[in-house]
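Reader: I am new to reading protein structures. Please take me through this one step by step.

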Amino acid sequence: MDEMWRWFKRSGIVHGERLQSAWRWKTSSGSVMQAEPGDWRLWDSKDPEHRWSITPCELELTYRQQVAPGGFERTGSVEARPAHPGEVVATLEGNATARDGDWVVRSGEATWVVSPTLFAERYQPARDPRQT
């Protein structure tokens with residue numbers, strides 16, 4: 001498996017709401033995640049049942065706010081690599097287990113697992129932003 005991290009540009013619009021209380025949710029692979037009061041619950045209008053959480057700091061770093069009513073635009077570049085099936089990835093919300101074809105994505109302090117379908121929709125190859 002290719003262990004080399006590569007750069008990708010994020011794209012797309014998501015919707016969100018600020019959490020008033022703790023929220024537990026499951027990833028598509030069944031991993032249980034935990035969000036805290038003050039975190040954000042996000043979802044994509046193409047798949048409103050698929051929801052995830054993000055801390056306020058990560059939201060500010062990786063999204064442009066209010067591009068539409070309640071909408072946030074994904075911004076910036078991330079590093080990603082193919083995941084190993086069964087790989088356990090420590091995320092800010094808990095441990096996520098990768099499945100065959102998934103990608104491990106990282107940005108700043110955050111790391112997360114993305115399905116191959118969502119990865120193809122939301123991430124495009126990019127140049128390393130640290131190079132001039």
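**Arg122 and the contacts around it**

Reader: With which residue does the side chain of Arg122 make a polar contact, at 3.3 Å?

Author: A polar contact is a pair of N or O atoms within 3.5 Å; within protein, one atom must be able to donate a hydrogen and the other to accept it, and residues adjacent in sequence count only if both atoms are side-chain atoms. For the side chain of Arg122, at 3.3 Å, the partner is the side chain of Asp44.

Reader: Good to know! What kind of model is this?

Author: Residues are numbered from 1 along each chain as its sequence is written, and side-chain values use heavy atoms, without hydrogens or water. Local features need pLDDT of at least 70, side-chain atom pairs count only at pLDDT 80 or more, and totals for chains, interfaces and linings use all residues, since this is a predicted model.

Reader: Is Arg122 buried or exposed?

Author: Let us first place Arg122: it sits in helix H2, where helices (H or I, at least four residues) and strands (E, at least two) are DSSP runs numbered from the N terminus. A residue is buried under 20% relative accessible area, exposed over 50%, and partly exposed in between (1.4 Å probe, protein chains only). With a relative accessible area of 8%, Arg122 is therefore buried.

Reader: How far apart are the C-alpha atoms of Arg122 and Arg10?

Author: Arg122 is in contact (heavy atoms within 4.5 Å) with Lys9, Arg10, Ser11, Asp44, His50, Trp52 and Arg74, leaving aside neighbours within four places in sequence. Arg10 is 112 residues away from Arg122 along the chain, yet their C-alpha atoms are separated by 5.8 Å.

**Salt bridges**

Reader: How many salt bridges does a search of the whole structure find?

Author: The search looks for a side-chain nitrogen of Lys or Arg within 4 Å of a carboxyl oxygen of Asp or Glu. Across the whole structure, the number of such salt bridges is five.

Reader: How many residues apart in sequence are the parts that Arg41 and Glu17 tie together?

Author: These two residues form a salt bridge, with their closest N and O atoms 2.7 Å apart. Arg41, at 17% relative accessibility, counts as buried, while Glu17, at 30%, counts as partly exposed. Arg41 lies in strand S5 (residues 40-44) and Glu17 in strand S2 (residues 13-18), so the distance in sequence between the parts they tie together is 24 residues.

Reader: Which residue forms a salt bridge with Arg81?

Author: Arg81 counts as buried at 8% relative accessibility, and its partner also counts as buried, at 16%. The closest N and O atoms of this salt bridge are 2.5 Å apart, and the partner of Arg81 is Glu87.

Reader: And how far apart are the closest N and O atoms of Arg64 and Glu73?

Author: Arg64 is partly exposed, with a relative accessible area of 49%, and Glu73 is partly exposed too, at 25%. They form a salt bridge whose closest N and O atoms are separated by 2.2 Å.

**Ser53**

Reader: Which side chain is joined to that of Ser53 by a polar contact of 3.2 Å?

Author: Ser53 is in strand S6 (residues 47-54) and is buried, with a relative accessible area of 5%. One polar contact, of 3.3 Å, links its side chain to that of Glu93. The polar contact of 3.2 Å joins the side chain of Ser53 to that of Trp25.

**The largest pocket**

Reader: How much space lies in the largest pocket?

Author: On a 1 Å grid over the protein atoms alone, a pocket is an open set of points where a 1.4 Å probe fits, with protein on both sides within 12 Å along at least five of seven lines. Grid points are joined across faces, edges and corners, and a volume is the space filled by probe spheres set on the points. For the largest pocket, that space is about 610 Å³.

Reader: Of its lining residues, which are the closest to its centre?

Author: A lining residue has an atom within 4 Å of a point. There are 31 of them, and the closest to the centre are Trp25, Trp52, Trp112, Val113 and Val114.

Reader: How many residues of that lining are charged?

Author: Ala, Val, Leu, Ile, Met, Phe, Trp, Tyr, Cys and Pro count as nonpolar, Asp, Glu, Lys and Arg as charged, and the others, Gly among them, as polar. The lining divides into 13 nonpolar and 11 polar residues, and the number of charged ones is seven.
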